[in-house]
Amino acid sequence: MRAVAVTAFGEQPQLMELPEPEPGPGEVLVRLSAAGVNPIDWKIADGLLKDTVRHSFPLVLGSDGAGEVVAVGTGVRRLSVGDAVFGQFQRPERGGGSYAEFAVADERAVAGAARAVTYATSAAVPTAGTTAYNLVEETRIGEGKRVLIVGGTGGVGVFATQLAAGRGAEVIATARQGLADLLTSLGAAETVDHTVGPVADQVLAAHPDGVDVLLDLVGGPVAFGEMTRTVRDGGTAVSTVGAADADVLTEHNLRGFNFHNRPSPQLLEILAGQLDAGRLTVIISDEVPLEDAPEALEGSRTGHTQGKTVISF
Ligand SMILES: NC(=O)c1ccc[n+]([C@@H]2O[C@H](COP(=O)([O-])OP(=O)(O)OC[C@H]3O[C@@H](n4cnc5c(N)ncnc54)[C@H](OP(=O)(O)O)[C@@H]3O)[C@@H](O)[C@H]2O)c1
């Protein structure tokens, strides 16, 4: 099968011919129709998890994917051959990932795909969608809460904006010129252009009493610390990139944490249901063939891609 993989950490990802994987107990083999690109993909290729998980090379890249189950291992109960599924396929210890024509997944890492959308749309959802859902859930975002989303136009931000607004929160999201209308159409009450001046100053000028919740999807420790100025006393500040320092948060009388995603098949089913009901919009800014996956990863590495990039087979 064709796959995009690396032969060592830090190597340039390459299109290569690899043997089709076989499903073991509790696993399914999926013929993928599409894969979604996430920043974690190039981070894993760079060796982000090398001290915590064993990796097998060549390491096929990519977590998110969608396609049809073509074989099941022993003991698989939830899924059958012919099922349309979407979910997460990155398994460093087995060298498996979703940038491939076939991939094996633990049956608990995938769920039935939405029927109303294409595989490309489903493949854009697993990592960013479950992250956004868990962020909104864990920070108890809801009616009467004012939320600042930094990185509003990225993969996670587009879903977080919709899910927070859908729960009745007043969402302020960052968007550069030309993308503000998109986020407003997805439910943001206001947008702040992060390219014209400090976001914290702009938010505090319009809302001197601050926000209840900060979801920072972008800033390192210094930028995150600066952004916490926008959070009212007793509010919540969360980083998805490990930038939250417990001591700093306590000093400013804020609650907060470094977010770690916990996906589940139940959560994927909820998101599939929302896609089918037309309550969740997926913004695909780029759809590329498998041979262009290395270039797509380089795009993600810049931190300036909008919405989701999808690889179609
Ligand atoms: N901890 C976890 O479990 C977990 C889970 C999922 C994701 N993550 C991490 O969370 C981060 C976000 O993920 P993602 O998929 O949303 O990434 P992404 O799609 O690459 O995000 C790109 C977006 O960030 C915006 N952006 C970049 N710099 C900005 C700035 N200074 N201010 C405001 N917006 C800025 C870009 O807008 P412009 O181009 O206009 O600047 C672009 O829209 C990644 O680092 C990812 O690895 C962590």
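**Exercise 1. Describe the second largest pocket of this predicted model by its volume, its lining and the chemical character of that lining.**

Step 1. Begin with the space itself: the second largest pocket has a volume of about 250 Å³.

Step 2. Turn next to the residues around that space, where 18 residues form the lining, and find Pro21, Val60, Arg94, Gly95 and Gly96, which lie nearest the centre of the pocket.

Step 3. Ask which element gives the most to this lining, and the answer is strand E7, residues 102-106, with 3 residues.

Step 4. Finally, sort the lining by residue class, which gives 11 nonpolar, 4 polar and 3 charged residues.

**Exercise 2. Work out which residues surround the ligand, and where polar atoms of the protein approach an oxygen atom of the ligand.**

Step 1. Count a residue as part of the surroundings if one of its heavy atoms lies within 4 Å of the ligand; there are 23 such residues, and Lys43, Thr153, Arg176, His304 and Gln306 come nearest.

Step 2. Look for pairs of N or O atoms within 3.5 Å. In the side chain of Lys43, an N or O atom is 2.8 Å from an oxygen atom of the ligand. The backbone also takes part, since Gly154 has a backbone N or O atom 3.2 Å from an oxygen atom of the ligand, and a polar backbone atom of Thr305 is 3.3 Å from an oxygen atom of the ligand.

Step 3. Consider how far the ligand is covered: taken alone it exposes 930 Å², and the protein buries 84% of that area.

Step 4. Identify the elements that give two or more residues to the shell, which are helix H1 (39-46) and helix H4 (155-166).

Step 5. Sort the shell by class to find 7 nonpolar, 14 polar and 2 charged residues, and then by domain, where at least three residues come from each of domain 1 (2-125 + 282-312) and domain 2 (128-258).

**Exercise 3. Locate Pro58 and Arg140 in the chain, and state what the backbone angles show at each place.**

Step 1. Start with the peptide bond that joins Phe57 and Pro58, for which omega is about 0 degrees, and this bond is cis. Pro58 belongs to the loop between H1 and strand E4 (59-60).

Step 2. Continue with Arg140, a residue other than glycine whose phi is positive, near 55 degrees. Arg140 sits in the loop that runs between helix H3 (126-138) and strand E9 (146-150).

Key. Residues numbered from 1 in each chain as written. Predicted model: local features only at pLDDT ≥ 70, side-chain atom pairs only at ≥ 80, totals over all residues. Heavy atoms only, no water. 1 Å grid on protein atoms, 1.4 Å probe; cavity = no way out; pocket = protein on both sides within 12 Å on 5 of 7 lines; lining within 4 Å. Points joined across faces, edges and corners; volume = space filled by probe spheres on them. Helix = DSSP H or I, 4+ residues; strand = E, 2+ residues; numbered from the N terminus. Nonpolar A, V, L, I, M, F, W, Y, C, P; charged D, E, K, R; others polar. Polar contact = N/O pair within 3.5 Å; in protein donor to acceptor, adjacent residues only side chain to side chain. Areas by Shrake-Rupley, 256 points an atom, 1.4 Å probe, with all protein chains shown as cover. Domains from an automatic or database assignment.
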